[in-house]
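Work through these exercises with the sequence and the 3D view open. Try each task before you read its solution.

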Amino acid sequence: MKLPILSLTTILTLTFGGMQTAKAQTIPKEELIFLTSEWKGERFPDGRPKISDDLVRRAKEINIEEAWVVLKNDGYNCQFEGNWKIVHDDVVIAGRALTAQFMPSRPDIEKNIKDRGTKQGRIGNTNSWPIDMLSKGDVYVADGMGKIVEGTLIGDNLANSIFAKTGNGVVFDASVRDLDGLSKIPGFNAFVRDFDPSYLKDAVVTGINTPIRIGRAVVLPGDLVLAKKEGVIFIPAHMVEKVVQTAEFIALRDKFGIQMLKAGKYTPGQIDSQWTDALKNDFLKWLDNNPNEIPMKRSELDEYMKKRTW
């Protein structure tokens, strides 16, 4: 008895739970879970790690420098990229990465990709496909080859769609157009290589929810994206809690230290060195007297401090 020959679409449907999964990305869900296997928490249906809304909210308040130090100390040396142009320098982006990779167009490749996309129900040019997949709290991160002229991945129409879906902005190793229109979207921001009036040309999306490179940084789907004036840091999902807690603790120490220095109670050398028991006790009293300064639950902070070497 001969077995039927299955198409790639049928294989994807049977293996990954239906056509919706086949639409979700260009690598199998199992591969994405494998690449992010250090993450043990909840995931989106497409396999991306789903960092909690609370951690995303708290991440907005931390400093990139502190996050960078925590990552570097754990061997994550390729997570930051600078040298951006920004629509609003006072609007922070924080959210979960949905990634896209663009390549120079080639007629045969573009035809095959678009034909497959049509069969999958995709609509419009390939630069709109990742946008259709966005959900609340996502950050659209795209490797656009650093292309500026005719490398504009979005204008204000697509930006409005992105913000409506995510409440967030974008990070593009590429350019965008319609700066005036983009700047009129309250709460939206874009970190890009430049602004250009041209339309996107000779570029096609070749990967959605795949690992990508943004300058000197590597980005995986589900990474926490934190973008501020100094640049963008991509925090692996399984590192987010540690990074946020450590950065929050350092910020608390700094607030306390500044107050002590202003009051003349301690010297800079005492604040910047290993803390004495007396200094630690003063810090704990300060926490008791200033509960509103603590960005996490006090029980969470106490548990963190048990492991802290100060």
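**Exercise 1. What percentage of the residues in the protein chain is buried?**

Solution. First, know the source. This is a predicted model, where local features need pLDDT of at least 70, side-chain atom pairs count only at pLDDT 80 or more, and totals for chains, interfaces and linings use all residues. Residues are numbered from 1 along each chain as its sequence is written, and side-chain values use heavy atoms, with hydrogens and water left out.

Next, set the classes. Buried means under 20% relative accessible area, exposed over 50%, and partly exposed in between (1.4 Å probe, protein chains only). Now read off the result: buried residues are 48% of the 310 residues in the protein chain.

**Exercise 2. Place Asp178 and explain its exposure class**.

Solution. Start with the record. UniProt, in an unreviewed entry, lists Asp178 under "binding site". Such annotations may be inferred rather than shown by experiment.

Then locate the residue. Asp178 sits in the loop between β5 (170-176) and α9 (179-182). Helices (H or I, at least four residues) and strands (E, at least two) are DSSP runs, numbered from the N terminus.

Now classify. Asp178 is partly exposed because its relative accessibility is 30%. Leaving out residues up to four places away in sequence, Asp178 touches Gly155 and Asp156. Contact here means heavy atoms within 4.5 Å.

**Exercise 3. Which polar contacts does the Arg177 side chain make with Asp178, Pro197 and Ser198?**

Solution. Define the term. A polar contact is a pair of N or O atoms within 3.5 Å; within protein, one must be able to donate a hydrogen and the other to accept it, and residues adjacent in sequence count only if both atoms are side-chain atoms.

- The side chains of Arg177 and Asp178 meet at 3.4 Å.
- The Arg177 side chain reaches the backbone oxygen of Pro197 at 2.9 Å.
- A polar atom of that side chain lies 3.1 Å from the backbone oxygen of Ser198.

Finish with burial. Arg177 counts as buried because its relative accessibility is 17%.

**Exercise 4. Which residues touch the most other members of the largest nonpolar core?**

Solution. A nonpolar core is a set of buried Ala, Val, Leu, Ile, Met, Phe, Trp, Tyr and Cys residues joined through side-chain atoms within 4.5 Å. The largest has 29 residues, and Tyr140, Ile154, Ile162, Val170, Phe172 and Phe188 touch the most other members. Elements that each supply at least two residues of this core include β3 (93-104), β4 (138-152) and α8 (156-166). Apart from this core lies another, of 22 residues, among them Ile62 and Leu224.
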